Structure formats: structure tokens, C-alpha cells
Amino acid sequence: MPSENQAQALQVLSYVDLTSLNNDDDKATIESLCAKATIGNQSVAAICVFPEWVATAQAYFEKHDLSIPIATVTNFPDGSTNIERAAAETERAIAAGAHEIDVVLPYRALLNGDESTPAELVRECKDICGNEVTLKVIIESGELKTQDAIVVASEIAIANGADFIKTSTGKVETNATLSAAQTMLGVIKASGSDCGFKAAGGIRMVEEAMQYINLAEEILGKDWVTPEHFRIGASSLLKDVQSILDNR
């Protein structure tokens, strides 16, 4: 029987998008990541890699008879206003075998008062993803800075088809925060939509992850917090999960 801490660690693991988005990633890095995607009988929710490594991850999981979704990133990390490029990247990623797309909203355009470009980019990417591929929209909450801007970005993403709204790329100074999460979860609740939420960037300890889980349960209910609606994007969180599970 697992202890309370171990039960929490397993719960956290089930929500993790295990991530490697480093410029020096190679085949060995990605295969090592895939090898960590299951601990005991519990797998992560997905792994997240650059588009060029989707096929490597897919081959690894097929070889080891594992059914773990593969996520990738597009329009990343800059959040360009080039809709055609974002759409083409999304198409190529899906063709390579990606099950989930994490696309960066053109947040700088939004800060400059342009709401139509972000809306159109999300809409185009959702049209490409359809109902078969999950679309997560990264609003880069740390760069938006104000609660009002986070609300507007979240509303635009949801209104134009986002299956999830995600805090951050993990590539800026301020990534996931509980404050931004609270605002984004509030927008999801107010929208009445089926949109999910993903916190990403800087969450390294199970104790931190549990704060996000508890916040989501408080705002949207315990039944809502499942991998279908709630994710944590992380690369180093797994070390703390493993440490807790090994402490028997």
C-alpha cells in the first residue's frame, strides 16, 4: 500500500507531459526520455519533444509496445505572427505522428493590441488538428504579465478552438505561476467549455505540482482534474517523483 506521499507522486506522474525541448537533443536523449515515461504501472500523460524527434519517440514506443501520446511544439518559442508557417509546422508535425500540438500564441501581437492574428492562428491550427489531435495553446502568461492580458489571451484561445490553454514555453524568465493558473482556470470555468489546462515551466517538486492540482480541484472540481483536462509540463519533476516512490 503506497504512503500518502507516494500516492500523490503517482497522481502527479499521471498528469505529466514529460518534456525535452533542448537544442542539443539527439536520438539518445529522446530514447532516454521515452524510457522514463513509465514508472511501475503508471505512465506519464504524454511526452513532449521537438517535431524532428516525434518519429524517434513513436518508433521507441512501438518497439516497447507502449501506448503513450506524443506531443510536440509549433510556432515555438517565439510566438510568431506568421500564421502560414505555424499552420505548415502543425501539418508536418501531425504527419510525423504527433498526437498533440502545443502551439505558441502570438502573445506580442496581443500585447500590441492585435487580437485578430492570435485568433486566426489558433483557428487555423485547430482546423488542421480537427478532433483527432489535441491542440494546446501556450499563452506565455509570464510575458503577458497582467491578469487582464492573461484573461484576454485565454478567452481568445478558448473561443477559437483550444483543447487546452497552457501557461508557458519554459523558455522565458517567468513561467508557470499559481497566480496565472488561477486566472486561466477561472476563464475556463467562466467559458463553460471543455477546455483543459496545462502548467509548464519550473515545476520541479511533487509538492509544487500538488498546489496546481489542488487549485484546479478547488476551481473546477475534483472530477475535472484528469489527464484529459489537466497537465503539467515538466522535465525535472520526474526526479522528485522517483525519489518519493523509491523511499519505501
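## Two pockets and a buried arginine

The second largest pocket here has a volume of about 180 Å³. The largest pocket holds about 370 Å³ of space. Keep in mind that this is a predicted model. Away from the pockets, we'll also stop at arginine 231, which is buried.

**The second largest pocket**

- Its lining is made up of Leu18, Thr19, Ser20, Thr29, Ser32, Leu33, Lys36, Ser235, Leu238 and Lys239.
- Strand S1, helix H2 (27–35) and helix H11 (237–246) each chip in with at least two lining residues.
- Sorted by class, that lining comes out as five polar, three nonpolar and two charged residues.

**The largest pocket**

- A set of 22 residues lines the largest pocket, and Thr19, Thr169, Gly170, Gly201 and Ser235 sit nearest its centre.
- Strand S1 (16–20), strand S9 (196–200) and strand S10 are the elements that give two or more residues to this lining.
- Twelve residues of the lining are polar, six are nonpolar and four are charged.

**Arginine 231**

- You'll find arginine 231 in strand S10, which covers residues 230–234.
- Arginine 231 counts as buried because its relative accessible area is 7%, and the cut-off for buried is under 20%.
- Its side chain makes polar contacts with two acidic-named partners' side chains: aspartate 17 at 2.8 Å and glutamate 100 at 2.9 Å.
- Setting aside neighbours within four places in sequence, arginine 231 is in contact with a list of residues including Tyr15, Ala45, Ala46, Lys136, Phe164, Phe197, Lys198 and Ala199.

Definitions and conventions: Residues numbered from 1 in each chain as written. Predicted model: local features only at pLDDT ≥ 70, side-chain atom pairs only at ≥ 80, totals over all residues. Heavy atoms only, no water. Helix = DSSP H or I, 4+ residues; strand = E, 2+ residues; numbered from the N terminus. Buried < 20%, exposed > 50% of the residue type's maximum accessible area, 1.4 Å probe, protein only. Polar contact = N/O pair within 3.5 Å; in protein donor to acceptor, adjacent residues only side chain to side chain. Contact = heavy atoms within 4.5 Å. 1 Å grid on protein atoms, 1.4 Å probe; cavity = no way out; pocket = protein on both sides within 12 Å on 5 of 7 lines; lining within 4 Å. Points joined across faces, edges and corners; volume = space filled by probe spheres on them. Nonpolar A, V, L, I, M, F, W, Y, C, P; charged D, E, K, R; others polar.
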